[in-house]
Amino acid sequence: MLRRAALGVLPRPFSTMAAPPPMPHLVAPLKLGDLTMRNRVVMASLTRSRSVPDTVPNKYNLEYYTQRAKGGAGLILSEGTLVSRQGTEWPHAPGIWSEDHVAGWKKITDSVHQAGGLMFCQLWHVGRVAHPDMEQQKRAGKPVRGPSAIAARGGKFRHLPGAPGYVTPTPIQDPWTIVEEFRHGAKMAKKAGFDGVELHSANGYIIHQFLDYNSNQRTDEWGGSIENRCKLGLECFKALIEVWGSARVGIKITPCGGYNDVGMPLPDTIPTFTYYISKICSMKPAYVQLVRYVPLMDLANPPSPNEHKSYKRGVPHDVVAVYGPLVKPAPSVLHDHAEDVIRGAAMPKPPYDAQNPTPTRLFVNGGLLPGEADKLIEEEKIDGAVFGTLWICNPDLEKRLECGLDVGGHGVSQDADPKTFYAWPGDDPSKGYTDYPASTQN
């Protein structure tokens, strides 16, 4: 039975309903630091490449996020938002490094707030998986940078002649410059009216590249040992907290790897991410978002000249079972053992403990369906569920769930069109973006 007081849950009126909804735990409110989420249905960060023509949020982005705020999202996580100009595979991904970006995002956050929603900005740096010939990289006047001079396998820059793959990056001479880029992004996000920020340390982007010894073969203080490989992520996270306070900062982590050619054998993965997550939790952030293994994200990498077949980097394992107790120990375990015994180095440390009035929440992403999410919350294994594709084709996803609709032909669509995830036919960016209909049943 979900113990509402222990989880900081506020009573939720259902004035028009004779009985609680079929998924009462998923649609129940949640205290998140000094904020209150109206439900636990989180909208994932979804790259859609619609900030045309020049990385500045526009009217299409405004309508898209407003639709989902009106559709009941308890927390909206912005699409990956670049902290500096970079030549990504998505030329119209938004940024947060300039005043123009601030102005564009401010219109969106104001609209989300007017609709009763909350919005965190996901701060993003792609590192070695940019390309020097992409227009934004040329305008940056800098080489593609990474931990070491090791190219990621794969990649397909469809906007360049021949659709080339990833290149060998220039090793970052001073990683503190990356920390400062994230710090600047956090400050700009605050000016833009976001409610908080999320550090993107997942999916083989720059933080993840430093965590993984396949992409990070440095011999200085930023590579080698687990502690050194985790340093960039931890220092960036500290910088965000220095700007926002721990109650307004979250993080996304993908221990299973796979995407963008990262992933270590399980005996190396588990100690690395146990250390990393423990150190993150010791700063008592608003939440930790763990992403489960998703086969579609574990892409086959092409063989090198001396190899005979492609390979995958992903390391499937149960991230909720392995790392979840570091964030959210099971109540049954806490009946018999002190929390500091269970969590060890993950226990909040001063001065961070005093900055966040609630425990760090555990959010889970990756192939979740609403029924499973509701059960995981009921069992007190997680605090909130992060949905991606369902929010693409259901702009009012939470409203549908609250009214008793569900997947499987029961009113929640699963018919998102992948051809319009990152592109659109003709000259109308709204196609496949803001033209999915709201339900007529809620």
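Ile 76 stands opposite Met 119 in strand E6. This pairing belongs to a predicted model. Strand E4, residues 75–77, runs parallel to E6, and two bridges join them. E6 itself covers residues 119–124, and six of its six residues are buried, so the strand is largely enclosed by the rest of the structure.

**Strand E6 and its partners**

- Both faces of E6 are covered. On one side, Met 119, Cys 121 and Leu 123 are buried. On the other side, Phe 120, Gln 122 and Trp 124 are buried too.
- In a regular strand, side chains alternate between the two faces of the sheet.
- Strand E5, residues 81–82, also pairs with E6 in the parallel sense, over two bridges. Here Thr 81 stands opposite Leu 123.
- Strand E9, residues 196–200, runs parallel to E6 and is joined to E6 by four bridges. Gly 196 in E9 is the bridge partner of Phe 120.

**Nonpolar cores**

- The largest nonpolar core holds 101 residues. Leu 75, Phe 182, Tyr 276 and Phe 387 have the most contacts inside it.
- Helix H7, residues 231–244, gives this core its largest share, nine residues.
- Another core, of 16 residues, lies apart from the largest one. Val 126, Ala 130, Phe 157 and Tyr 259 are among its members.
- In soluble globular proteins, nonpolar side chains tend to be buried together.
- Phe 182 has a long list of contacts beyond four places in sequence, including Val 83, Leu 123, Trp 124 and His 125. Leu 199, Ile 206 and Ile 207 are also among them. Cys 236 and Leu 240 are on the list as well.
- Two of those partners of Phe 182, Leu 123 and Trp 124, are buried residues of E6. Cys 236 and Leu 240, also touched by Phe 182, are buried in H7.

**Helix H7**

- H7 has 14 residues. The distance from its first C-alpha to its last is 20 Å, close to the 20 Å expected at 1.5 Å a residue.
- The helix is mostly covered, with 12 of its 14 residues buried.
- Among the buried residues are Leu 232, Leu 234, Phe 237, Ile 241, Val 243 and Trp 244. Lys 231 and Glu 235 are buried as well.
- Just after H7, Gly 245 takes a positive phi of about 85°.

**Leu 266 in helix H8**

- Leu 266 is found in helix H8, residues 266–281.
- Its relative accessibility is 33%, so Leu 266 counts as partly exposed; that class lies between 20% and 50%.
- Leu 266 touches Pro 271, Val 315 and His 317, leaving out residues up to four places away in sequence.
- Leu 266 and His 317 are 51 residues apart along the chain, yet their C-alpha atoms are separated by 8.2 Å.

**Asn 58 in a loop**

- Asn 58 sits in the loop between strand E3 (41–43) and helix H1 (59–70).
- Its relative accessibility is 15%, so Asn 58 counts as buried; the cut-off is under 20%.
- The side chain of Asn 58 reaches the backbone oxygen of Val 52 at 3.1 Å.
- Leaving aside neighbours within four places in sequence, Asn 58 is in contact with Arg 50, Ser 51 and Val 52.

How values were computed. Residues are numbered from 1 along each chain as its sequence is written. This is a predicted model: local features need pLDDT of at least 70, side-chain atom pairs count only at pLDDT 80 or more; totals for chains, interfaces and linings use all residues. Side-chain values use heavy atoms; hydrogens and water are left out. Buried means under 20% relative accessible area, exposed over 50%, partly exposed in between (1.4 Å probe, protein chains only). Two strands pair if DSSP finds at least two bridges between them. A nonpolar core is a set of buried Ala, Val, Leu, Ile, Met, Phe, Trp, Tyr and Cys residues joined through side-chain atoms within 4.5 Å. Contact means heavy atoms within 4.5 Å. The expected span of a helix is 1.5 Å times one less than its number of residues. A polar contact is a pair of N or O atoms within 3.5 Å; within protein, one must be able to donate a hydrogen and the other to accept it, and residues adjacent in sequence count only if both atoms are side-chain atoms.
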